[in-house]
Amino acid sequence: MHQITFRLYIYLLCLLCFSASLSAHTLKESTAQVILRDGQVEITIITQQDHLIIAMQNDLAWLMGDLQEVMPDNLSAAKQQAFIAHSLQKSTQLTVNNKSIDIQTGKLVAHEKGEIEITLQAKHQFEMVKDISVSFSKTLGVVHVSFVKPQYALVKAGQAASASF
């Protein structure tokens, strides 16, 4: 009985340590913009690369089901970026009009101060979009999301354009 209690205690202690370290590294300013266009959806995610690498190299996160695959430690910078783009492409879930949509492409661009911008694209066949939903990998932490549906207009020289919301 003591052995089971001891193991449970160790497991809970490890889980608590993991949670504390993950929350200490949780990025509070990850952002995503979901843009609905005719026949496609574009998702742009901006986050800190160092945070994402730490989160994606966490074996315990993989064991808990938060990751589909653990990022190897010895990857070059280019391979790390490719791994991140591919992982986020596979783990981001998109639904349009309550139908799951596959994300076809993912690319990553590195910016100053360790920020990275990941752009995901998906095509859809709906003439009228009534609702859209997106969920992200837990490795991103909290994500502030904005949804955009552009309104297009041709503005003649000297004329004004307007939009209603």
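Let me start with helix α2 (residues 49-56) and helix α4 (residues 77-91), whose axes come within 11 Å of each other and cross at roughly 75 degrees; the axes here are lines fitted to C-alpha atoms, for helices over the stretch in contact, and angles run from 0 to 180 degrees between N-to-C directions. That crossing makes α2 roughly perpendicular to α4, on a scale where 65 to 115 degrees counts as roughly perpendicular, under 35 as roughly parallel, over 145 as roughly antiparallel and the rest as oblique. On the α2 side the contact is made by Q49, L52, I53 and M56, and on the α4 side by Q80, Q81, F83, I84, S87 and L88, where contact means heavy atoms within 4.5 Å. Sorted by class, this contact has 6 nonpolar, 4 polar and no charged residues; Ala, Val, Leu, Ile, Met, Phe, Trp, Tyr, Cys and Pro count as nonpolar, Asp, Glu, Lys and Arg as charged, and the others, Gly among them, as polar.

I should say at once that this is a predicted model, in which local features need pLDDT of at least 70 and side-chain atom pairs count only at pLDDT 80 or more, while totals for chains, interfaces and linings use all residues. Residues are numbered from 1 along each chain as its sequence is written, and side-chain values use heavy atoms, with hydrogens and water left out.

Stepping back to the whole chain, there are 4 helices and 8 strands, taken as DSSP runs (H or I, at least four residues, for helices; E, at least two, for strands) and numbered from the N terminus. Of the 165 residues, 31% count as buried, meaning under 20% relative accessible area, with exposed being over 50% and partly exposed in between (1.4 Å probe, protein chains only).

Now to the sheets. One is an open sheet of 5 strands in the order β5-β6-β2-β1-β8, with mixed pairing, where two strands pair if DSSP finds at least two bridges between them. At its edges stand β5 and β8 (143-148), each with a single partner strand, so one side of each is left without a neighbour in the sheet.

Within that sheet, strand β2 (residues 40-48) runs antiparallel to β6 and is joined to it by 9 bridges, with Q48 standing opposite E115. Both of the helices I began with meet this sheet: α2 lies across β2 and β6, running at about 95 degrees to β2, and α4 packs on the sheet, touching β5 and β6, with its direction at about 140 degrees to that of β5. Strands β5 (residues 105-110) and β6 (residues 115-123) are antiparallel and joined by 6 bridges, and they form a hairpin with 4 residues between them, where K113 in the turn has a positive phi of about 60 degrees.

The other sheet I want to show is open and antiparallel, with 3 strands in the order β4-β3-β7; its edge strands, β4 (99-101) and β7, each pair on one side only. Strand β3 (residues 93-96) pairs with β7 over 4 bridges, and Q93 stands opposite S135.

Finally, where does F126 sit? F126 is found in the loop between β6 and β7 (132-135), and at 27% relative accessibility F126 counts as partly exposed. Leaving aside residues up to four places away in sequence, F126 touches V96, N97, K99 and I101.
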